[in-house]
Amino acid sequence: NMLEMAEALISSGMAVAGYDTVNVVCNGWAGRDPKTGILLENKTLWPSGMAGFNKKLKAMSPPLKMGCYTSPRPTNCMCGKAPQGGCEEGTGPGYENVDMQFFASIGCDHVMVDS
């Protein structure tokens with residue numbers, strides 16, 4: 001659970017020591033909107049959406065940052081290495097501008113890009 005990990009950064013004192021970012025990798029995207037090309041969030045994994053998760057991070061004391069991950073390929077760097085079907089989605093080539101706008105709209109403090 002990503003929220004539990006964030007809370008552990010706070011309770012352990014790591015956040016005040018500078019470890020203040022939760023990097024979200026392997027989002028389990030549900031595809032893309034057929035008209036806009038915008039990524040569709042997996043509401044099972046992210047019931048309040050990633051923007052909602054980010055809002056919870058920002059409300060913590062101290063506030064935490066959210067890092068987001070993308071790979072402009074059909075699969076990411078974990079392809080074939082992840083346990084049982086997890087963590088292999090890429091966001092696909094040709095959507096870089098759309099994806100960066102989406103990541104900005106949900107409040108990513110930085111974006112990690114695998115190529």
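**Pocket, core and disulfide in a predicted model**

The largest pocket encloses about 230 Å³ of space, in a model that is predicted. Its lining is formed by Asn1, Met2, Leu3, Cys26, Leu45, Trp46, Pro47, Ser48, Gly49, Phe53 and Lys56. Sorted by class, this lining comprises seven nonpolar, three polar and one charged residues. Helix H1 (2-11) and helix H2 (49-58) each contribute at least two residues to the lining of the largest pocket, and H2 gives the most, with three residues.

The protein chain as a whole contains three helices and three strands, and these follow the pattern α-β-α-β-α-β when read along the sequence. Of the 115 residues in the protein chain, 34% are buried. When contacts between residues at least 6 apart in sequence are considered, 56% of them join residues at least 24 apart.

Helix H2, which takes part in the lining of the largest pocket, also has a buried side. Within H2, the residues Gly49, Met50, Gly52, Phe53, Asn54 and Leu57 are buried, and the buried residues of this helix pack against H1, S1 and S2. Gly49 and Phe53 are thus listed among the buried residues of H2 and also among the residues that line the largest pocket.

The largest nonpolar core of the model is made up of 20 residues, and those with the most contacts inside it are Val22, Phe53, Leu57, Leu64, Met66, Phe103 and Ile106. At least two residues of this core come from each of H1, strand S1 (21-24), H2, strand S2 (65-70) and helix H3 (96-105). The surroundings of one core residue, Leu64, can be described in more detail. With residues up to four places away in sequence not counted, Leu64 touches Ala6, Leu9, Ile10, Ala15, Asp20, Val22, Leu57 and Lys58. Two of these partners, Val22 and Leu57, are themselves named among the residues with the most contacts inside the core.

The loop between S1 and H2 holds several residues of interest for this description, including Val25, Lys43 and Ser48. Val25 counts as partly exposed because its relative accessibility is 39%, a value that falls between the limits of 20% for buried and 50% for exposed residues. Although Val25 and Gly67 are 42 residues apart in sequence, their C-alpha atoms are 8.4 Å apart in space. Ser48, one of the residues lining the largest pocket, has a relative accessible area of 40% and is therefore partly exposed. Leaving aside neighbours within four places in sequence, Ser48 is in contact with Lys43, Phe53 and Lys56, and of these partners Phe53 and Lys56 also belong to the lining of the largest pocket. Lys43 is likewise partly exposed, since its relative accessible area is 48%. When residues up to four places away in sequence are not counted, Lys43 touches Ser48 and Gly49, so that its contacts reach from the loop between S1 and H2 to a residue that is buried in H2. The C-alpha atoms of Lys43 and Trp29, which are 14 residues apart along the chain, are separated by 9.2 Å.

The count of disulfides in the model comes to one. This disulfide joins Cys68 to Cys108, with an S to S distance of 2.0 Å, and the link is left-handed, with -80 degrees about the S-S bond. The pair connects distant parts of the chain, as Cys68 lies in strand S2 and Cys108 in the loop between H3 and strand S3 (110-113), 40 residues apart. Both ends of the link are buried: Cys68 counts as such because its relative accessibility is 0%, and Cys108 because its relative accessibility is 14%, given that the buried class extends to values under 20%.

A further local feature concerns the backbone of the loop between H2 and S2, where Pro62 is placed. The peptide bond that joins Ser61 and Pro62 is cis, with omega at about 0 degrees.

How values were computed
Residues are numbered from 1 along each chain as its sequence is written. This is a predicted model: local features need pLDDT of at least 70, side-chain atom pairs count only at pLDDT 80 or more; totals for chains, interfaces and linings use all residues. Side-chain values use heavy atoms; hydrogens and water are left out. On a 1 Å grid over the protein atoms alone, a cavity is a set of points where a 1.4 Å probe fits but cannot get out, and a pocket is an open set with protein on both sides within 12 Å along at least five of seven lines; lining residues have an atom within 4 Å of a point. Grid points are joined across faces, edges and corners, and a volume is the space filled by probe spheres set on the points. Helices (H or I, at least four residues) and strands (E, at least two) are DSSP runs, numbered from the N terminus. Ala, Val, Leu, Ile, Met, Phe, Trp, Tyr, Cys and Pro count as nonpolar, Asp, Glu, Lys and Arg as charged, and the others, Gly among them, as polar. A nonpolar core is a set of buried Ala, Val, Leu, Ile, Met, Phe, Trp, Tyr and Cys residues joined through side-chain atoms within 4.5 Å. Buried means under 20% relative accessible area, exposed over 50%, partly exposed in between (1.4 Å probe, protein chains only). Contact means heavy atoms within 4.5 Å. A disulfide is a pair of cysteine sulfur atoms within 2.5 Å.
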